[in-house]
Amino acid sequence: MSALGDEIKALIAAEGPISVERYMELALTHPENGYYMGRDPFGAAGDFTTAQEISQMFGELLGLWAAETWVAMGRPNPVRVVELGPGRGTLMSDALRAARIVPDFRAALDVTLVEASTTLAEIQYETLLTSGAPIAWHPSLSEVPEGPMILIANEFLDALPVRQYVRSAGRWRERLVGLDSAGQLAFDIAREGEPYILAKADEGDILEVNPSAHRLMFELSTRLGRQRGVGLFIDYGHGVTSVGDTLQALRAHRMVDPLVDPGEADLTAHVDFAAMARSARAGGCAVYGPIDQGDFLRAIGIDARTRALADRAPPERVEEFELARQRLVGKSAGEMGALFKVMAVANRSLPPPPGFEPSEAPSS
Ligand code: SAH
């Protein structure tokens with residue numbers, strides 16, 4: 001068992017079972033032994049590969065998306081470009097390079113990175129050292145100063161801890177992590193039901209709720225209502241609230257048991273975009289999408305970008321751009337185009353953000 005696993009076991013032995021939410025939070029962001037706190041988990045040598053690590057095109061297109069969004073916002077100067085959970089800083093680095101073709105935007109922007117891990121913040125610092133943009137770090141969105149804002153979050157919401165409830169004897173009871181008779185971490189359920197959850201379901205069904213993601217969405221949306229701005233969320237998840245256990249652990253690109261060696265595997269849960277949209281609307285913003293990542297990237301120009309890069313590439317690299325494009329937009333198994341969704345949250349006075357048709361704004 002990992003050091004964090006032993007610590008969590010001791011905690012449960014002393015205080016009783018903990019919620020899945022608390023378990024996930026400890027596994028990911030425990031100050032010393034949380035998964036994100038002491039390592040670089042990305043890429044072929046790590047545990048998982050994200051869109052920004054697949055191809056420079058992803059960040060470049062989002063940089064141009066941000067520039068276009070800035071123009072639609074009325075070219076505020078300064079404008080804060082915020083990224084939640086930047087990982088290695090690759091997306092921001094590619095975005096800032098691409099945004100050079102809109103010099104007024106480049107000159108107006110301040111970069112703000114929201115990152116819980118000092119290890120990753122140091123890697124982001126190295127990645128962005130030569131970008132030429134002013135950059136600040138904050139541990140949470142609440143600490144980011146007010147002002148016009150363009151916010152991007154790729155695979156951030158899926159890392160926020162979920163609560164799980166199990167349908168049992170006509171009640172929703174919270175799913176817990178306790179200890180089995182051998183003293184190992186094991187799922188358990190609370191004795192008491194939660195009378196305020198009214199959704200009906202079948203015995204044994206699991207309902208997930210993400211309180212931190214709701215708080216974040218509501219906070220962002222009230223801010224974007226006060227000041228001009230747009231937020232863009234890219235993640236894997238579902239567009240309609242439904243039941244199911246989506247908690248998963250990835251280690252070295254393989255699914256592992258989420259209760260084995262906490263702190264050593266990435267732990268995520270699917271994003272409930274319908275629930276996120278409800279919180280964003282409650283905060284006062286218009287919501288666009290979610291649409292498939294593949295459709296979004298094509299709408300903002302990935303096909304032309306692929307051709308342009310392939311045309312200029314040495315022959316041995318031509319194929320690389322087409323393969324990356326396919327992986328990002330393709331909708332077959334193993335490709336990201338349909339698995340990942342894109343949702344925008346915007347001040348109501350702004351037009352639909354680039355990549356979203358007006359018809360994609362569901363009436364609220
Ligand atoms: N966006 C990057 C990284 C995704 S992984 C990419 O696509 O590659 C999740 C990122 O969010 C990591 O940088 C992680 O350290 C950060 N993170 C996770 N939980 C966080 C929290 N509660 N607050 C701030 N950052 C967090």
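In this predicted model, helix 11 passes helix 12 in a right-handed crossing. Helix 11 covers residues 302-312, and helix 12 covers residues 318-329. Their axes come within 8 Å and cross at roughly 165°. Angles over 145 degrees count as roughly antiparallel. Helix 11 and helix 12 are therefore roughly antiparallel to each other. Helix 11 contributes Ile302, Asp303, Thr306, Leu309 and Ala310 to the contact. On the side of helix 12, the partners are Val318, Phe321, Glu322, Arg325, Leu328 and Val329. By class, the residues of this contact are 7 nonpolar, 1 polar and 3 charged.

Leu328 deserves a closer look. This residue lies in helix 12. Its relative accessible area is 0%, so Leu328 is buried. Residues up to four places away in sequence are set aside in the following list of contacts. Leu328 touches Ala51, Ile54, Ser55 and Phe58, and also Gln293, Gly294 and Leu297. Ile302, Met336 and Gly337 complete the list. Ile302 belongs to helix 11 and is part of the contact between helix 11 and helix 12. For Leu328 and Leu297, the separation in sequence is 31 residues. In space, their C-alpha atoms are 8.1 Å apart.

A second helix pair is formed by helix 4 and helix 5. Helix 4 spans residues 56-72, and helix 5 spans residues 90-98. The two pack at an angle of about 55°, with their axes 7 Å apart. That angle makes helix 4 oblique to helix 5. Helix 4 passes helix 5 in a right-handed crossing. From helix 4, the residues in contact are Gln56, Phe58, Gly59, Glu60, Leu62, Gly63 and Leu64. These meet Leu91, Asp94, Ala95, Arg97 and Ala98 in helix 5. The contact of helix 4 with helix 5 has 6 nonpolar, 3 polar and 3 charged residues.

Helix 5 is mostly covered, with 8 of its 9 residues buried. The buried residues are Thr90, Leu91, Met92, Ser93, Asp94, Ala95, Leu96 and Ala98. Asp94, a residue of helix 5, has 8% relative accessibility. Buried means under 20%, so Asp94 counts as buried. The side chains of Asp94 and Arg97 are joined by a polar contact of 3.1 Å. Asp94 and Arg97 both take part in the contact with helix 4. Leaving aside neighbours within four places in sequence, Asp94 is in contact with Ser55, Gln56, Gly59 and Glu60. Of these, Gln56, Gly59 and Glu60 are among the helix 4 residues that meet helix 5. Ser55 is also among the residues touched by Leu328.

Another buried residue is found in helix 1, which covers residues 3-15. This residue is Ile8. With 1% relative accessibility, Ile8 counts as buried. Ile8 touches Ile18, Tyr23, Leu26, Leu185 and Pro262, not counting residues up to four places away in sequence. Ile8 and Gly178 are 170 residues apart in sequence. Their C-alpha atoms are 9.4 Å apart in space. Gly178 falls within strand 7, which runs over residues 171-179.

The backbone also has some notable features. The peptide bond from Asn77 to Pro78 is cis, with omega near 5°. Pro78 sits in the loop between helix 4 and strand 2, the latter covering residues 79-84. The peptide bond from Gly289 to Pro290 is also cis, again with omega near 5°. Pro290 is placed in strand 15, which spans residues 286-292.

Positive phi values occur at two alanines. Ala169 has a phi of about 50°, although it is not a glycine. Ala169 is found in the loop between strand 6 (163-168) and strand 7 (171-179). Its relative accessible area is 68%, so Ala169 is exposed. Ala252 likewise has a positive phi of about 50° without being a glycine. The loop holding Ala252 lies between strand 11 (248-251) and strand 12 (254-256). At 47% relative accessibility, Ala252 counts as partly exposed.

Key. Residues are numbered from 1 along each chain as its sequence is written. This is a predicted model: local features need pLDDT of at least 70, side-chain atom pairs count only at pLDDT 80 or more; totals for chains, interfaces and linings use all residues. Side-chain values use heavy atoms; hydrogens and water are left out. Axes are lines fitted to C-alpha atoms, for helices over the stretch in contact, and angles run from 0 to 180 degrees between N-to-C directions. Angles under 35 degrees count as roughly parallel, over 145 as roughly antiparallel, 65 to 115 as roughly perpendicular and the rest as oblique. A crossing is left-handed if the near helix is turned anticlockwise from the far one by less than a right angle, and right-handed if clockwise. Contact means heavy atoms within 4.5 Å. Ala, Val, Leu, Ile, Met, Phe, Trp, Tyr, Cys and Pro count as nonpolar, Asp, Glu, Lys and Arg as charged, and the others, Gly among them, as polar. Buried means under 20% relative accessible area, exposed over 50%, partly exposed in between (1.4 Å probe, protein chains only). A polar contact is a pair of N or O atoms within 3.5 Å; within protein, one must be able to donate a hydrogen and the other to accept it, and residues adjacent in sequence count only if both atoms are side-chain atoms.
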